[in-house]
Amino acid sequence: MKNTMVEKKVRKIFELAMAIVLMAAFASCGNDASQEDSQIESSSLQEAEAVESAEEAQSQTDSEESAESETETEESEAEELVRGIDLSNAEVTEVLKVAISGNFSQSTSLENLYNVNVYHTDLLGRFGCPIEIHSDNFEEAVIVFEYNPDELYALPCENLIILHYDEENDHYDIVESKLNEEEHTIGAQITETGVYMLTNGYQWCSFWGLDVSQFTSPQTIYTDSDYRFEITIPQGIAITLVTDYLKAVQNLGRV
């Protein structure tokens, strides 16, 4: 009987011990799982934050690139502008000033090519400095040459024409223009950049065999009935000077 009681106590103690061990094991598993879950959540949060930072950086880069692109676009956009170049102190002063007004970009500029480009400087009949228009966006404009009336000499102002150099085909085109004698200007509507200049239209067209009927002949034919000869006199030289000279030569021959 006594042994039975002892056995029951031992069994009960053993069962309590086993229960304590099992509870400790479960508690340990629970803590490990909790720590693992916490690590997973922390890792996921870090990944999310990294993705968000990358997206913000990309967004900022895109915004900066967009702003730069808009700035470049604004700079190259054509708008109503005016550009000019003063030639009153240039090496030749037949043309005092050239100006353009119209739709073109802010970068548009005018350059004096006199003695910079020999091809344009030595052009037949050139009057004043050849000008080149530079632009990265040029739609249309009015170009105006202001000529110096004191530099015309024997050249009638109505004989002045505007030439544009066609670089692709390597030749000059006559640009339809309008003369304003009161303001001493010649203007034209243009749609291309490149080289523009004034030239003696009568001389230019005569050389190339073009019609010169719209120009004033810059020459006077003098006929001498006594000696039966004709000479061509540039317009602006008085006939009386020629006759006086001939008389002086005639008198000299009689001495």
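Is Leu-110 buried or exposed? I started there: Leu-110 comes out at 14% relative accessibility, so I put it down as buried, the cut-off being under 20%. Note to self: this is a predicted model, so every value here is computed from it.

**Entry: Leu-110 and its surroundings**

I looked up the element next, and Leu-110 belongs to strand E3, which runs over residues 109-112. Then I checked a partner from far along the chain. Val-195 is 85 residues away from Leu-110 in sequence, yet I get 9.5 Å between the two C-alpha atoms. I kept Val-195 in mind for the pocket entry.

**Entry: Leu-81**

Leu-81 sits in strand E1, residues 79-86. I read a relative accessible area of 13% for Leu-81, and because that is under 20%, I call this residue buried. I also looked at Leu-81 against Thr-108: they are 27 residues apart along the chain, with 9.2 Å from C-alpha to C-alpha.

**Entry: Val-142**

How far apart in space are Val-142 and Ile-190, C-alpha to C-alpha? I find 6.0 Å, for two residues with a sequence separation of 48. Val-142 is part of strand E5, which covers residues 138-147. I noted 30% relative accessibility for Val-142, so this one goes down as partly exposed, between the 20% and 50% limits.

**Entry: the largest pocket**

I went to the largest pocket and wrote down a volume of about 220 Å³. Its lining has 14 residues, and those closest to the centre are Tyr-165, Asp-166, Glu-167, Gly-194 and Val-195. So that is where I met Val-195 again, the residue I had paired with Leu-110.

Which elements give two or more residues to that lining? I found strand E6 (160-166) and strand E10 (194-200). E6 gives the most, with three residues. I also sorted the lining by type: six residues are charged, five are polar and three are nonpolar.

**Entry: two residues with positive phi**

I picked out two residues that are not glycine but have a positive phi. For Tyr-153, phi is near 55°. Tyr-153 is in the loop between E5 and E6, and I get 70% relative accessibility for Tyr-153, which is over 50% and therefore exposed.

For Asp-170, I read a phi of about 55°. This residue lies in the loop between E6 and strand E7 (171-175). Is Asp-170 buried, partly exposed or exposed? At 43% relative accessibility, Asp-170 counts as partly exposed.

**Entry: a nonpolar patch on the surface**

Last stop was the surface. I found a nonpolar patch there, formed by Ile-174, Phe-207, Trp-208 and Leu-210. Together these residues have about 450 Å² of accessible area. I looked closer at one of them: Phe-207 is in helix H3, residues 201-207. I read a relative accessible area of 55% for Phe-207, so I noted this residue as exposed, the cut-off being over 50%.

Methods. Residues numbered from 1 in each chain as written. Predicted model: local features only at pLDDT ≥ 70, side-chain atom pairs only at ≥ 80, totals over all residues. Heavy atoms only, no water. 1 Å grid on protein atoms, 1.4 Å probe; cavity = no way out; pocket = protein on both sides within 12 Å on 5 of 7 lines; lining within 4 Å. Points joined across faces, edges and corners; volume = space filled by probe spheres on them. Helix = DSSP H or I, 4+ residues; strand = E, 2+ residues; numbered from the N terminus. Nonpolar A, V, L, I, M, F, W, Y, C, P; charged D, E, K, R; others polar. Patch = residues over 30% accessible without salt bridge, like charges linked within 9 Å, V, L, I, M, F, W, Y side chains within 5 Å. Areas by Shrake-Rupley, 256 points an atom, 1.4 Å probe, with all protein chains shown as cover. Salt bridge = Lys/Arg side-chain N within 4 Å of Asp/Glu carboxyl O. Buried < 20%, exposed > 50% of the residue type's maximum accessible area, 1.4 Å probe, protein only.
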